[in-house]
Amino acid sequence: MDGLVAFDPAITLQDRWFAPPPADARRSLEPHRGRQGLVCFCSNDYLGLRDHPQVVEAAARLLHARGVGSGGSRLISGDHPLWHRLADELACWLGFEAGLTVGSGMLLNIGLIQALADRHTALFCDRLNHASLIDGARLSGARHHRFPHRDYDALEARLARCRQPRRLIVSDGLFSMDGDCADIRRLIELAERHDALLLIDDAHGIGTMGGDGRGVTTGAGGHPRLVLVGTLGKAFGGYGAFVLARRALIDGLIQRMRTLIYSTGAPPLLAAAGLAALARIREGHERARLAANMELFARLRGVAVESPIIPWSIGSDRAALEAADILRRHGMEVVAIRPPTVPRGTARLRITRTARHTPEQIAALSRALDALRPAAG
Ligand SMILES: *Cc1c(COP(=O)(O)O)cnc(C)c1O
């Protein structure tokens, strides 16, 4: 061992690469959580389609016909006609000329912003945008302005000063950690007035929001300046993501989007599941049950019906963990959301309601929230 430093992976990794986080900031993977008789109030499977018999059966049929993997990039050997059908049906439903499915929402946003923006582009991003949009913006090398959450006057002032030839406004639709929505009409007006494209990622809104589940851009679908992103991982109960826009833009993405070109195509069984979920969403039974649960909760607590997401503000990381513990003792699984997922000092419980909850479970949630120290929300 002369001259060699003994390598103790535990010590070396912690000291040099991963400084151990403080106990109340530590994240953990615990697959058993939520499976011990707790009622889950933190799932994004808003419509309960994850294990809906029609969705499962559609996926199983493709599994048996085609196997698991796609076998390659979609540009080489990994494409399947069902991905095209799903993209077409999504485009048609949401009012766009064309669509493209790509990996997951994380992969899609990282590739999409890189494909749309370069150092001659100015990006204008809501400060509370999802991490995938932030990472895409960083990787693109574009000039990158972040405006305060939903402060469109600040955005307009920035746009008015911008001298870059290409401008892209980027925002979540329904904000995942706050449960509030971007003002799409205002954003489209700003995009028109300042010659910008508008990218809306409505991962949580599509399937749940708008009278018929078409999300926060309902009524604006197909606008020539709008690029709409959605995921199959939330209300669709599956895995995958899609982008909808003018056909010329979608064609351009196929040429340039690195996370499409250099990644294995998603399993075709996920396209089959996506199509079956889309059919359920368009029929609307699950969404009606979700709406009834949202209304019941609003009535019990005397608050407005806004979205399936309730951000129960707490503040400190430790208090948020304690609050999650209290709910666990009431038989409910809700995870404490802490920085850096949300800004420092705004740790919270992110409570979601789904179509699967019974009225009794919603009433029990409301009672359990009374056991928490008074919180805004
Ligand atoms: C969840 C989420 C994503 C990521 O989508 P995945 O399909 O889970 O990778 C992207 N954008 C927003 C706004 C999200 O909430």
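**Figure 1. Packing of helix 6 against helix 7 in the predicted model.** The axes of helix 6 and helix 7 cross at roughly 10° and come within 11 Å of each other. Angles under 35 degrees count as roughly parallel, and helix 6 and helix 7 are therefore roughly parallel to each other. On the helix 6 side, the contact is made by Tyr152, Asp153, Leu155, Glu156 and Leu159. Helix 7 contributes Arg186, Leu187, Leu190 and Arg193. By class, this contact has 5 nonpolar and 4 charged residues, with no polar ones.

**Figure 2. The loop leading to helix 6, with Arg150.** Arg150 is located in the loop between strand 4 and helix 6, the latter spanning 152–161. Arg150 is not a glycine, yet its phi is positive, at about 55°. Most residues other than glycine have a negative phi.

**Figure 3. The open sheet of 7 strands.** The strand order is 2-8-7-6-5-3-4, and the pairing is mixed. Strand 2 (98–101) and strand 4 (143–147) stand at the edges; each has a single partner strand, so one side of each is left without a neighbour in the sheet. On average, neighbouring strands of this sheet are turned by 20° against each other, direction ignored. Within the sheet, strand 6 (residues 196–201) and strand 7 (residues 226–231) run parallel and are joined by 4 bridges. Leu198 stands opposite Leu226 of strand 7. Helix 7 (residues 184–193) lies across strand 5 (166–172) and strand 6, and runs at about 155° to strand 6.

**Figure 4. Surroundings of the ligand.** The ligand is surrounded by 14 residues, of which Gly105, Asp201, His204, Thr231 and Lys234 are the closest. A polar side-chain atom of Asp201 lies 2.5 Å from a nitrogen atom of the ligand. For His204, an N or O atom of the side chain is 2.7 Å from an oxygen atom of the ligand. The side chain of Ser104 has an N or O atom 3.4 Å from a ligand oxygen atom.

**Figure 5. Packing of helix 4 against helix 8.** Helix 4 (residues 105–116) and helix 8 (residues 247–256) pack at an angle of about 105°, and their axes are 10 Å apart. Angles of 65 to 115 degrees count as roughly perpendicular, and helix 4 and helix 8 are therefore roughly perpendicular to each other. Leu112, Gln114, Ala115 and Leu116 of helix 4 meet Leu249, Leu253 and Arg256 of helix 8. The residues of this contact divide into 5 nonpolar, 1 polar and 1 charged.

**Figure 6. The open sheet of 3 strands and helix 12.** The strands are arranged in the order 9-12-11, with antiparallel pairing. Strand 9 (309–315) and strand 11 (336–337) are the edge strands, each pairing on one side only. Strand 9 pairs with strand 12 (residues 347–352) in the antiparallel sense over 6 bridges. Ile310 stands opposite Ile351 in strand 12. Helix 12 (residues 317–329) lies across strand 9, strand 11 and strand 12, and runs at about 35° to strand 12.

**Figure 7. The cis peptide bond between Pro339 and Pro340.** The bond from Pro339 to Pro340 is cis, with omega near 10°. Most peptide bonds are trans. Pro340 is placed in the loop between strand 11 and strand 12.

Note on methods:
Residues numbered from 1 in each chain as written. Predicted model: local features only at pLDDT ≥ 70, side-chain atom pairs only at ≥ 80, totals over all residues. Heavy atoms only, no water. Pairing = 2+ DSSP bridges. Helix = DSSP H or I, 4+ residues; strand = E, 2+ residues; numbered from the N terminus. Contact = heavy atoms within 4.5 Å. Axes fitted to C-alpha atoms, helices over the stretch in contact; angles between N-to-C directions. Parallel < 35°, antiparallel > 145°, perpendicular 65-115°, else oblique. Nonpolar A, V, L, I, M, F, W, Y, C, P; charged D, E, K, R; others polar. Near = heavy atom within 4 Å. Polar contact = N/O pair within 3.5 Å; in protein donor to acceptor, adjacent residues only side chain to side chain.
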